[in-house]
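Subject: Structure handover

Hi there,

Here is the structure I promised to pass on to you. Please open it alongside this email, and my notes follow underneath.

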Amino acid sequence: MSKRMVIVGGVAAGASAAAKARRVCEDIEIVLVEAGEYMSFANCGLPYYIGGEIAKRDDLFVVTPQMFRSRFGIDVRLETVATAVDPSRRAVTLIHAGDSQELGYDRLVLATGTKPIIPPIPGLDKAGLFNVRTVMDVDAIVARLAEIHPVGDRATVAPEAGAASPARALVIGGGYIGLETAEQLRRRGLGVTLVEMLPQLMASLDPEMAVPVQSAMAKAGCEVVLGDAVVEIVQLDGRHEAVTKSGRRVPFDLGIVAVGVRPNVDLAKAAGLTLGATGAIAVDRSQLTSDASIYAAGDNSETFHGVLGRPVNIPLAGPANKAGRIAGANAAMDLSGAAADHPERLGMPDVLGTAIVGAAGAVAAVTGITEAQARREGIECAVTYLPGQSHAAYYPGASPVLLKLVYAPATGKLLGAQGVGGDGVGKRIDVIATAIKAGLTVEDLEDLDLCYSPQFGSAKDAAIMAGFAAANTRREVMPAMTPGEMFDRIEAAEPLTVLDVRTRPEWDAGHVEGAMHVDLNELRRRIDEVPADKPLAVMCGTGYRSYVAQRILINAGRKEVYNVLGGRMVTELVQAARAAAKNK
């Protein structure tokens, strides 16, 4: 009699585990049970089906049970709920159509994913708000949209910002799903209000790096409410209204709850499996749990963070697919009797939380740790900002790209990076994610040899230039100060002269209060006007002209001259983020 592997859960990790297990071993029985109607679907694509960018519902389905049965010989059981696991008897209890069955296993893979966090808001349960996690969720949303905002084609173009709309949507939560769903509802022509209790969207970014995303959403006509929370939902004149902590009232016809998820560990916990400090299932590198016959993979389990050096739970599709593949391979190896050092046995690599989001034309991406996270973790860090372009600026269609590097000041080792802008953000973050994985430093980053042609990149690529800037700071060629550090000194009334070396029209368009102005092209002639009795913070538009001015001043014998990283561009972002934090 063949040995049996049971996999609980489909979608990313479960389906990957099943397919890999079959590729490893033909001689085992594989049963995949999934509580929902569909075994695997593109959950990251769900918001885009709501908005019509993915026009065909069938395109959401990655694989089908029929394909798994015919190609892999896997027994797929849909609408089948695993209600209990008995590790001592190696049995899982399943319920399908009201009938209960106990199914034995030789190896079990738990790929139970996550559960949505439902905030305890009075009236929430009566308002018919939706999550965006499953095909059934988006089916219900699309049906509701047909009632309140009927259009001939789901792929309608959003009205101009501020235009009136007969239907309004409320989105609670400003993370990945909240942003994408808000953008897509706006694309369908609804008025959209997005409420986020934090003073910024995208908590995975440093506050100033989230500002361009917030601005893009507002420009697209989405009302973005930050630093406020929905505390009650009431009904007034037949329409639901969300009441926020500040007293704001937001009427809506469609509500979305996207405040996050938590690992679904109910089965594991009831079975006595060890949970980690994150609340997710504790696993080793092979995805094995505390029970020698049970593996876990995906969003329900922990992974090891390559920078933090400890287990984390980061629910992302890439790591989930990898973990499923690894769990499936190792469970199959166990059942085939393979040795512990068999080359087909796999180990889960470190994760970096590399992720990207696009909303209203803005793109934001992150890898590793942020500056704020480093501070919270007690990790010494330094940062640099690099404003650049997606490709050569003279070639048509270039988009702005702002990079922020986080690195260890003592060694230069890369710890993290963030990027915001347009096309090209993802490419640079992927480059830096690879560099972090390889343990590279900012000096290594400046030595990279990347492809170049005007329509694809720049001879001085933004990722390489970020390495230049950070390496120059470490070599003390370019002593630097972040805009945040500059404002801290100003607010503390510490001795500091802010020197702005932009042109007069740029200066007149806006500058730091109390700064002095000397055009870079006049600096050598007017250098005696620049005070020499206190530290200098030199700034321009993006940080390059101020670097040139800094070198002029240093070569003239001036001491304590700092280049303000990112210039006026980042300074304005920092000011906006600080104002939002104060207004919370």
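Below are the notes, going from the whole protein to single residues.

First, some housekeeping. This is a predicted model, in which local features need pLDDT of at least 70 and side-chain atom pairs count only at pLDDT 80 or more, while totals for chains, interfaces and linings use all residues. Residues are numbered from 1 along each chain as its sequence is written, and side-chain values use heavy atoms, with hydrogens and water left out.

**The whole protein**

The secondary structure adds up to 17 helices and 29 strands; helices (H or I, at least four residues) and strands (E, at least two) are DSSP runs, numbered from the N terminus. The C-alpha trace spans about 90 × 65 × 45 Å along its principal axes. Its radius of gyration is 27 Å, which agrees with the value near 25 Å for a compact globule of 584 residues. That radius is taken over C-alpha atoms, and the globule rule is 2.2 Å times the number of residues to the power 0.38.

Of the 584 residues, 53% count as buried. Here buried means under 20% relative accessible area, exposed means over 50%, and partly exposed lies in between (1.4 Å probe, protein chains only). The accessible surface comes to about 25,200 Å², and 51% of that belongs to carbon and sulfur atoms; the areas come from the Shrake-Rupley method with a 1.4 Å probe, and for residues only the protein chains shown count as cover.

Among contacts (heavy atoms within 4.5 Å) between residues at least 6 apart in sequence, 65% join residues at least 24 apart. As for charge, the mean positions of the 59 positive and 67 negative charges are 1 Å apart. For that count, Lys and Arg are positive and Asp and Glu negative, with His and the chain ends not counted; each charge is placed at NZ of Lys, CZ of Arg, CG of Asp or CD of Glu.

**Cysteines**

How many disulfides does a search of the whole structure find? The search finds zero, with a disulfide taken as a pair of cysteine sulfur atoms within 2.5 Å. Two cysteines to look at are Cys 381, which is buried with a relative accessible area of 8%, and Cys 451, which is exposed at 58%.

**Residues in helices**

Gln 184 sits in helix 5 (residues 176–187) and counts as buried because its relative accessibility is 0%. Leaving out residues up to four places away in sequence, Gln 184 touches Pro 47, Tyr 48, Gly 51, Gly 52 and Glu 53.

Ala 576 belongs to helix 17 (residues 567–583) and is partly exposed, with a relative accessible area of 35%. Between Ala 576 and His 96 there are 54 Å in space, C-alpha to C-alpha, and the two are 480 residues apart in sequence.

**Positive phi, and a neighbouring strand**

Most residues other than glycine have a negative phi. Against that background, Arg 90 has a positive phi of about 50°. Arg 90 lies in the loop between strand 4 (80–86) and strand 5 (91–96) and is partly exposed at 35% relative accessible area.

Asp 237 also has a positive phi, near 55°. Its place is in the loop between strand 12 (230–236) and strand 13 (239–244), and at 76% relative accessibility Asp 237 counts as exposed.

Is Glu 241, in strand 13, buried or exposed? Glu 241 counts as buried, at 13% relative accessibility. Beyond the residues up to four places away in sequence, its contacts include Glu 232, Ile 233, Val 234, Arg 249 and Val 250. The C-alpha atoms of Glu 241 and Val 230 are separated by 10.0 Å, with the two residues eleven apart along the chain.

**Two more loops**

Gly 347 is in the loop between helix 8 (317–336) and strand 20 (355–359), where it is partly exposed at 49%. Apart from residues up to four places away in sequence, Gly 347 touches Arg 285 and Ile 326.

Asp 423 is in the loop between strand 24 (414–421) and helix 10 (425–437) and is exposed, with a relative accessible area of 59%. With the same sequence neighbours left out, Asp 423 touches Ser 390, Ser 399 and Val 401.

Happy browsing, and best wishes!
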